[in-house]
Amino acid sequence: MPAYVAMLRGINVSGHKPIKMEDLRAVCSDLGFRDVETYVQSGNIVLQSSLENPTIISKRIGAKIIESFGFEVSVIVRTSKEMRNVISNNPFLKENGIDSSKLHVTFLSEIVQKASLEKLAELSASPDRFHPAPREIYVYCPIGYGRTKLSNVGIEKALSVTATTRNWKTTNKLLEMVSKL
């Protein structure tokens, strides 16, 4: 049965859109997903599903969250293979002197047109840098993610897509978890 990573955007941030992870696991199990696990409180889920369309999985989780908790949450889903590619294709890992604790991946809800990436380049200010991929943006923030203009909100506005960002440690942990399913 295929394995997936589902990432929720903007839950449990400063008391907004609160969802306990045990409740999130129950919601996903109620939808018929198997081997549901969560990681930290920011809405990271690994699961198995007989569905083979990540968009359908995303929509079902999103609809069930509205029904169960009364608010809308964006859900971005990747297959285990896509997560493996996200890790192996990070261009920053080929550079010397990169501090992996300053790496982030912004997962996009859809493929972005190359013309839109010009808007993203306008946000980028040294020393922060980014590398685009079709459905992810790799971000390196040597002085910290909290100070960058390449934040999740900045990327969403520049590219006109929904996005959610995970640090490199979390991204790797999610791959580790989904690989065990």
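Student: Let's start with Arg129: what is its relative accessible area, and is it buried or partly exposed?

Tutor: In this predicted model, Arg129 is partly exposed, with a relative accessible area of 33%. Its salt-bridge partner Glu95 is likewise in the partly exposed class, at 27%.

Student: How far apart are the closest N and O atoms of Arg129 and Glu95?

Tutor: The closest N and O atoms of that salt bridge are 2.7 Å apart. Arg129 belongs to strand 6 and Glu95 to the loop between helix 3 and strand 5, so the salt bridge ties together parts of the chain that are 34 residues apart in sequence.

Student: And how many salt bridges does the count come to?

Tutor: The count comes to 7 salt bridges. One of them joins the side chains of Arg9 and Glu156, at 2.7 Å from N to O. That pair links distant parts of the chain, since Arg9 sits in the loop between strand 1 and helix 1 whereas Glu156 sits in helix 5, 147 residues apart.

Student: Which class does each of those two fall into, buried or partly exposed?

Tutor: They fall on either side of the 20% cut-off for burial: Arg9 is partly exposed, with a relative accessible area of 23%, whereas Glu156 is buried, at 16%.

Student: OK, what about Glu82, which residue does it form a salt bridge with?

Tutor: Glu82 forms a salt bridge with Arg135, in which the closest N and O atoms are 3.5 Å apart. Because Glu82 lies in helix 3 and Arg135 in the loop between strand 6 and strand 7, the pair ties together parts that are 53 residues apart in sequence. Glu82 is partly exposed, with a relative accessible area of 25%, and Arg135 is partly exposed as well, at 24%.

Student: Arg135 brings us to strand 7. How many of its residues are buried?

Tutor: In strand 7, 5 of the 5 residues are buried, so the strand is largely enclosed by the rest of the structure. Glu136, Tyr138 and Tyr140 point one way from strand 7, while Ile137 and Val139 point the other way, and all are buried.

Student: Which strands do bridges join to strand 7?

Tutor: Strand 5 is joined to strand 7 by 5 bridges, and the two run antiparallel; within this pairing, Leu103 has Tyr140 as its bridge partner. Strand 6, residues 129-132, is also antiparallel to strand 7, with 4 bridges between them. Pro132 stands opposite Ile137 in that pairing, and strands 6 and 7 form a hairpin with 3 residues between them.

Student: Switching to rings: how many aromatic pairs are there?

Tutor: The count is 2 aromatic pairs. One of them is formed by Phe92 and Tyr140, a tilted pair with 5.6 Å from centre to centre and 35 degrees between the planes. Here too distant parts of the chain are linked, with Phe92 in the loop between helix 3 and strand 5 and Tyr140 in strand 7, 48 residues apart. Both Phe92 and Tyr140 are buried.

Student: Now the interior. How many residues has the largest nonpolar core?

Tutor: The largest nonpolar core has 20 residues, and those with the most contacts inside it are Val5, Phe107 and Leu174. Strand 1, helix 3, strand 5, strand 7 and helix 6 each supply at least two of its residues. Helix 6 gives the most, with 5 residues.

Student: What is Val5 in contact with, leaving aside its neighbours within four places in sequence?

Tutor: With those neighbours set aside, Val5 is in contact with Ile45, Val46, Ile76, Val77, Arg78, Met83, Leu174 and Val178. There is also a second, separate core of 19 residues, including Met21, Leu24, Ile45 and Ile57.

Student: Last topic, strand 2 and strand 3: how many bridges join them?

Tutor: There are 4 bridges between strand 2, residues 34-39, and strand 3, residues 44-48, and the strands run antiparallel. Tyr39 stands opposite Asn44 in strand 3. The hairpin that these strands make has 4 residues between them, and in this hairpin Val40 takes a positive phi near 50 degrees.

Definitions and conventions: Residues numbered from 1 in each chain as written. Predicted model: local features only at pLDDT ≥ 70, side-chain atom pairs only at ≥ 80, totals over all residues. Heavy atoms only, no water. Core = buried A, V, L, I, M, F, W, Y, C linked by side-chain atoms within 4.5 Å. Buried < 20%, exposed > 50% of the residue type's maximum accessible area, 1.4 Å probe, protein only. Contact = heavy atoms within 4.5 Å. Phe/Tyr/Trp six-rings, centres within 6.5 Å; stacked < 30°, edge-to-face > 60°. Pairing = 2+ DSSP bridges. Salt bridge = Lys/Arg side-chain N within 4 Å of Asp/Glu carboxyl O.
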